[in-house]
Each structure stands twice: as structure tokens, then as C-alpha cells.
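Work through the exercises below with the sequence and the model open. Try each task before reading its solution.

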Amino acid sequence: MIENANPDGRAGIDAGLVKRLIKAQFPQWSELPVTPVKIDGWDNRTYRLGDELTVRLPTAAAYAPAVDKEDEWLPRLAPHLPVAVPEPVGKGVPGEGYAFNWSVRRWLAGETASLETIDDLEGFATSVAEFILALQDCDATGGPPAAAHSFYRGAPPVHYDEETRRALVALDGRVDTVKAAAVWDAALETVWEGPPTWFHGDIASGNLLVENGRLSAVIDFGTSGVGDPACDLVIAWTMFSGDSREAFRGTVGQDAATWARARGWALWKALIVLADVIDTDEQSAAVNRLVIDQVLAGHEPAR
């Protein structure tokens, strides 16, 4: 998730289009106001529809498969999870010049998770870990195997080996690429030996909602699927540190090999972003440097 700093209309989607789609396909809601949400994602554009609903529209073909996946599986997963997840109430189809399926969901109250909105970061880290464990306990029978629809979250991280190696070359002399390569190699040396398991695919602050300082909902299951849950541990470095990281690790468990792959997932993303912005976006570069430094500092060979 990213803060929506762009004017309405990104990816050819705006409030006018949403109003036309609703009027044509869900006329019972056609009189409700349509407004962009303050915090928007990249893969989808989200609009509030009245007080109780949202409309979610993929921004490109690569993100479109998530609509059917979420509409099918979120209602099955929701009863087994400790906090709220999006509730689909209607599925739209292409129309009004828009090319993809889209969805209407119940509005979920809450603020995006941040250090300012969380009362107790250790307790919050524990709650996130408990959510991950509950998701892993859900029946994975018939669930969507990790593949392009999940952007290969849940698959072996080797899928991103070439991309990671290019970033290491680009960043040579600017980060500790020798140690980074060792962390990446350690991730590739391990495999998920458990049964296929549900994963969210993007457990990050922007996809966690907070009410009264506590975790209240997890949103955006677009990269979810069934496979290796290592990708869901990345938040250990992207949001938590010190005591909160230890609280997360202690609660979520997982074996050393899974943590090695999790480091690989965290490192891959931070490296490719840093390579892209290191000379153009000081703030983003600093954030990703910090993730890299923390991943490297905590590296231990898989046992």
C-alpha cells in the first residue's frame, strides 16, 4: 500500500468511472457517493461507496486474477481468522471502458498501521504473528498454488534470482554485496518441506488496520495463495525491530530454513528498490538501506 499522492484518475480509473459501473451493474447502490480512499494501493484503486461499502478495481491485467481469487476464498478463510478481512458483497464485470472484473466489499473501519497508530508495538507484533499462524492453520485443500497470480510469493525465491543478482551488481560498493549474496544464497539452499500452507503474500504495515491501537483487520489478499509461508515473515525487518521483532519471532515460530528464505524475500525487495532509487529518492533509499542492514545483521546459516 502507498499513500495516494496522485490526483484521481491513476491507471485510467476515477470516481466517474466507478459511478458509471455501479449504476450499470449495481443500481441499488447508484445513489451512494463515491470517494477515493486516502491511502490507496498500487495494484488496485479503492473507492469508498457510501458509508458501508468499498469498490476495488485492479489497475492492470496482472492484478486482475486477484478479484476472483479473493471473492472465492476470503469468505472461506474469514471464520477461521482472529481479525476481520475484506468481505466481498458483489463482483463487477468489464464495462464502461474498464477491462477487468472488479469487486464491492464491506467497508472495514480502522487506520493504517504505523508507529503513531499502535499503542503497544510488542503486543501488535504478537497479534500479527497470531494472524499468520491462524492463516497457516486454515485448510489449504483446493487453494490456489503459488504462481503468477501471487507474483510467486509462496514459491521458491529462486524465481527472483536473476533480478536479485542484477541488483547486487548495481549496488556493488554501496552496500555489503558479499554478505548480501551470502544471505541470498542461504535462502536458495533451503526448501519448504511442509504441506502446502496458506500465505497472505504481503503482510506489511499498509495492509494492517488498527483500531484503538490494536490490530483490527488484515486487507489486500491479492498475492495470497497456498505454498511456502516464508514470505509472510518479511515484516520482521520492514516494521519490527528490537523487542517487537523478538515478540513476533517468538510467537510465529517457524524453523531456521523458513527464516532463511524469509530473509531472502526481504533482501530481494529491498535490493531491487534500492537499486532503482538510490540516486533519485533519498527517503526511499534510506528505508531500504535500513531493511538491508537489519537483514544482514541478523543472518544466521540455516540449520
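**Exercise 1: helix 7**

Helix 7 (residues 242–252) has the buried residues Ser244, Arg245, Ala247, Phe248 and Val252. Here buried means under 20% relative accessible area, exposed over 50%, and partly exposed in between, with a 1.4 Å probe and protein chains only. The model is predicted: local features need pLDDT of at least 70, side-chain atom pairs count only at pLDDT 80 or more, and totals for chains, interfaces and linings use all residues. Residues are numbered from 1 along each chain as its sequence is written, and side-chain values use heavy atoms, with hydrogens and water left out.

Task: work out how the buried residues of helix 7 fall when seen down its axis.

Solution.
- Step 1. Look down the axis: the buried residues fall within an arc of 160°, so they line one face of helix 7. The arc is that of the directions from the helix axis to the C-beta atoms.
- Step 2. Recall the geometry: an α-helix has 3.6 residues a turn, so residues three or four places apart point the same way.
- Step 3. Turn to the face away from the buried side: Asp243, Glu246 and Gly250 are its exposed residues.

**Exercise 2: a charged patch**

Task: find which residues gather with Asp243 and Glu246 in a patch of negative charge on the surface.

Solution.
- Step 1. Apply the rule: patch residues have over 30% relative accessible area and no salt bridge, and like charges are joined within 9 Å. Asp and Glu count as negative. The place of a charge is CG of Asp or CD of Glu.
- Step 2. Collect the members: Asp119, Asp120 and Glu122 join Asp243 and Glu246 in the patch.
- Step 3. Place one of them: Asp120 sits in the loop between strand 8 (111–112) and helix 3 (121–137). Helices (H or I, at least four residues) and strands (E, at least two) are DSSP runs, numbered from the N terminus.
- Step 4. Check its cover: Asp120 is partly exposed, at 44% relative accessible area.

**Exercise 3: salt bridges**

Task: for Glu96, Arg56 and Glu72, name the salt-bridge partners.

Solution.
- Step 1. Set the cut-off: a side-chain nitrogen of Lys or Arg lies within 4 Å of a carboxyl oxygen of Asp or Glu. The count by this rule is 13 salt bridges.
- Step 2. Glu96 pairs with Arg20, with the closest N and O atoms 4.0 Å apart. Arg20 is in helix 1 (residues 15–25) and Glu96 in the loop between strand 6 and strand 7, 76 residues apart. Arg20 is partly exposed at 41%, and Glu96 is partly exposed at 42%.
- Step 3. Arg56 pairs with Asp220 at 2.7 Å between the closest N and O atoms. Asp220 lies in the loop between strand 11 (214–218) and strand 12 (225–227), and Arg56 in strand 5 (residues 53–58), so the pair ties together parts 164 residues apart in sequence. Asp220 is buried at 13%, and Arg56 is buried at 9%.
- Step 4. Glu72 pairs with Arg76 at 3.0 Å, N to O. They are 4 residues apart in helix 2 (residues 65–77), about one helical turn.
- Step 5. Join bridges that share partners: Arg56, Glu70, Arg105 and Asp220 form one network.

**Exercise 4: backbone signs**

Task: find the sign of phi at Glu96 and at Gln254.

Solution.
- Step 1. Glu96 is not a glycine, yet its phi is positive, about 55°.
- Step 2. Gln254 is not a glycine either, and its phi is positive, about 85°.
- Step 3. Place Gln254: it is in the loop between helix 7 and helix 8 (256–277). Gln254 is partly exposed, at 25% relative accessibility.

Conventions. Patch = residues over 30% accessible without salt bridge, like charges linked within 9 Å, V, L, I, M, F, W, Y side chains within 5 Å. Areas by Shrake-Rupley, 256 points an atom, 1.4 Å probe, with all protein chains shown as cover.
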